[in-house]
Amino acid sequence: MNAELTSLMGGSQSMSTWDYDCFYASVFEAENPALKSLPLAVQQKQIVVTCNYEARRRGLRKLQLIKEAKRICPDVVIMLGEDLTKFRDASKELHAFLKKNTWGNRVEKLGFDELLNRHDLQNSFFQLDKFDPTVGFAFDASTFCGPTYPAEPCPSVKEDGEQLWFSSLDVGLRLGSHLANYLRHQLEQHTPYTATVGISTSKLLAKLVGNLNKPRLQTTLRPPYSATDDGQGGNVASFLGQHEIGKIPGIGFKMAHRIRTHILGREPNLDVYEGLAEEDNVSVDVVRSFPGMGPVKLDEIFRGGGWPKDIGTKVWGLLNGVDDTEVAVGKAFPSQISIEDSYSQVDNLQSVRNELLPLTRKLLRRMHADLTEDEEGEELTTGHATVQAGRHLPVKRKKRWLGCPRTLRLSTRSRPPSLPDVGHQLHSNRISKSCPMPRFVFSFSETVEALAERLVEDTIVPLFRRLHPDKSGYKLSLINIAATNMMECAGSENSGVGQDIGAMFRNQGPRPTQFSNLPAVCSHRVTESHFDNQHHGLKHVVDGEVDQTRGDAAVLEWTSDEDGESENSATPHDECTICGAFIPWFAVQAHSIYHSVQT
DNA sequence: CTGGGGTCCT
DNA sequence: AGGACCC
């Protein structure tokens, strides 16, 4: 796709972050809907890792001690969530759900409960059939859908009904807000989950603005983003400026501490349990306007910390709302798999062995679940999926590895000497040793049980001896086993059709004349069969049928002097003569076809 | 007096 | 191998 055209259409300017509401708690509620009306907390060891909104109403919080939660809310229902299998499975489903509704596979995962979705507005928002939402949806581009920040438009941008165009940024974000709303409703219709969404132009801004209206809502960061000529500061600066410095994604505990120390001229309180003291809060605004502050000063503040070399520039960018990182393409398999458990105390080799065995079994099961597929291309969930009882003979399905970890890593964390010295939280205490992953673990003929025993004795115990050469004297509070250094296995057919139809489309045919034939209409999600290689373009899809009569209808005037990157470049739009909706120019034909197929 | 995961960079 | 960051 021509970058300027993409930008003109608002395509590259809109993305959303998806945050599943109290995710672990929702997984339990999906299993047992009776839990929805009760205060529900999910426990890992001594901690409430998350809780539902009924529990929050009664004062429970994430990362609260179980003791405290029980004291505050004696009738809290507590579910154990140390085994992440069901959460990971739900996370995969939700990732798949958004991917199948998104062009270009541009859905990036962040943890189990967060997704980043780069919008493709050329292909995503047309309503073809009001009885079949899978081929599009209706919208009215004269408004943002859902809450915005700020809630009302700035006076200088206020619509007066006479305005004939909005900035391309404005159009892109309006469409993004309608697309996100549509997808949220699809999510709620087809899955037991709800999400909170943020819509903006970058991961940074979309993530932060998404926090404003939780749960089950969405927020769009309104234009103008930059300062305008008439002296109005842009919404990016006013929005970002209020945030505490440590709340900015990319500025973690260590960098935030360094910055606060520099601004305050003293050490802030480090108490991890109490949180940051009010008087130690430092806002983005204060940092940005601090005398001498800039990329060079930030580099100086971070000196000696081991951060990447351009960290000052990167952080200065974040403070000013600049985040150029792309939404990554969704990966077929993770680049690392690890299993860990924590303990009160493990201090001899026999107990180490006892803990290692179940961890290793889990690791091998995860490798089979996440790194293999069967011959038909359907993913298997366990190594034993094919030997179910039943009237069939066990179907001997041939499995193969999609990705292979080349390295095995064993990590431990030692219990810190019991002095509650302030500041020892700052270093992690983890140490590790690695070795090549033995080939035998990739066998499909041996059982996981047998492989695990062999792996522990042959490989992991020797690693442990390297890690802790002293026979005793260790007091482990955590053991982690990881399969890392993942290599893609040969033969995976990840290139081509189905992975990124949009990319194929982009690389075909002459440009920009190709866009003369670009149908302004296509299904919200176009499947492979709708893709017509012969004609170097997409056919129109109406009620699931292919309509080849419109291919040359949309003639698009292409002017190369349009500045597609500027927020002020005009995107013309029109008012529909039938329903009066505001429609951007590139969607006008789609909209008229929508009316023509209505009965 | 913290969970069980992940990513990327040096 | 470790250390920052993310959820």
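## Exercises on DNA strand C and the helix α5 contacts

A backbone N or O atom of Ser432 is placed 2.7 Å from a phosphate oxygen of DNA strand C. The model is predicted, and the exercises below start from this contact.

**Exercise 1.** Determine which other backbone atoms lie close to a phosphate oxygen of DNA strand C, given that a polar contact is a pair of N or O atoms within 3.5 Å.

*Solution.* Step 1: for Met255, a polar backbone atom is 3.1 Å from a phosphate oxygen of the strand. Step 2: for Gly252, a backbone N or O atom lies 3.3 Å from a phosphate oxygen of DNA strand C. Step 3: both distances can be set against the cut-off of 3.5 Å for a polar contact.

**Exercise 2.** Describe the protein surface near DNA strand C by its residues, its elements and its classes.

*Solution.* Step 1: there are 16 residues around DNA strand C, and those that come nearest are Gly250, Met255, Ser432, Lys433 and Ser434. On the side of the strand, sugar and phosphate make up 100% of the atoms within 4 Å of the protein. Step 2: at least two residues of this surface come from each of α10 (253–264) and β16 (430–436). With four residues, β16 gives the most. Step 3: sorted by class, the surface holds seven nonpolar, five charged and four polar residues.

**Exercise 3.** Classify the packing of helix α5 (residues 85–100) against helix α7 (residues 168–190), and name the residues that make the contact.

*Solution.* Step 1: the two helices pack at an angle of about 135 degrees, and their axes are 11 Å apart. Step 2: because of this angle, α5 is oblique to α7. Step 3: the crossing of α5 past α7 is right-handed. Step 4: α5 contributes Leu94, Phe97 and Leu98, while α7 contributes Leu183, Gln186, Leu187 and His190. Five of these contact residues are nonpolar and two are polar, with no charged residue.

**Exercise 4.** Establish how helix α2 (residues 23–31) is oriented to α5, and list the residues through which they meet.

*Solution.* Step 1: the axes of α2 and α5 come within 10 Å and cross at roughly 90 degrees. Step 2: angles from 65 to 115 degrees count as roughly perpendicular, and α2 and α5 are therefore roughly perpendicular to each other. Step 3: on α2 the residues are Phe23, Tyr24, Val27, Phe28 and Glu31, which meet Lys86, Phe87, Ala90, Ser91 and Leu94 on α5. Step 4: the classes in this contact are seven nonpolar, two charged and one polar.

Conventions:
Residues are numbered from 1 along each chain as its sequence is written. Chains are lettered from A and ligands numbered from 1 in the order in which they are written. This is a predicted model: local features need pLDDT of at least 70, side-chain atom pairs count only at pLDDT 80 or more; totals for chains, interfaces and linings use all residues. Side-chain values use heavy atoms; hydrogens and water are left out. Axes are lines fitted to C-alpha atoms, for helices over the stretch in contact, and angles run from 0 to 180 degrees between N-to-C directions. Angles under 35 degrees count as roughly parallel, over 145 as roughly antiparallel, 65 to 115 as roughly perpendicular and the rest as oblique. A crossing is left-handed if the near helix is turned anticlockwise from the far one by less than a right angle, and right-handed if clockwise. Contact means heavy atoms within 4.5 Å. Ala, Val, Leu, Ile, Met, Phe, Trp, Tyr, Cys and Pro count as nonpolar, Asp, Glu, Lys and Arg as charged, and the others, Gly among them, as polar. A residue is near a molecule or strand if one of its heavy atoms lies within 4 Å of it. A polar contact is a pair of N or O atoms within 3.5 Å; within protein, one must be able to donate a hydrogen and the other to accept it, and residues adjacent in sequence count only if both atoms are side-chain atoms.
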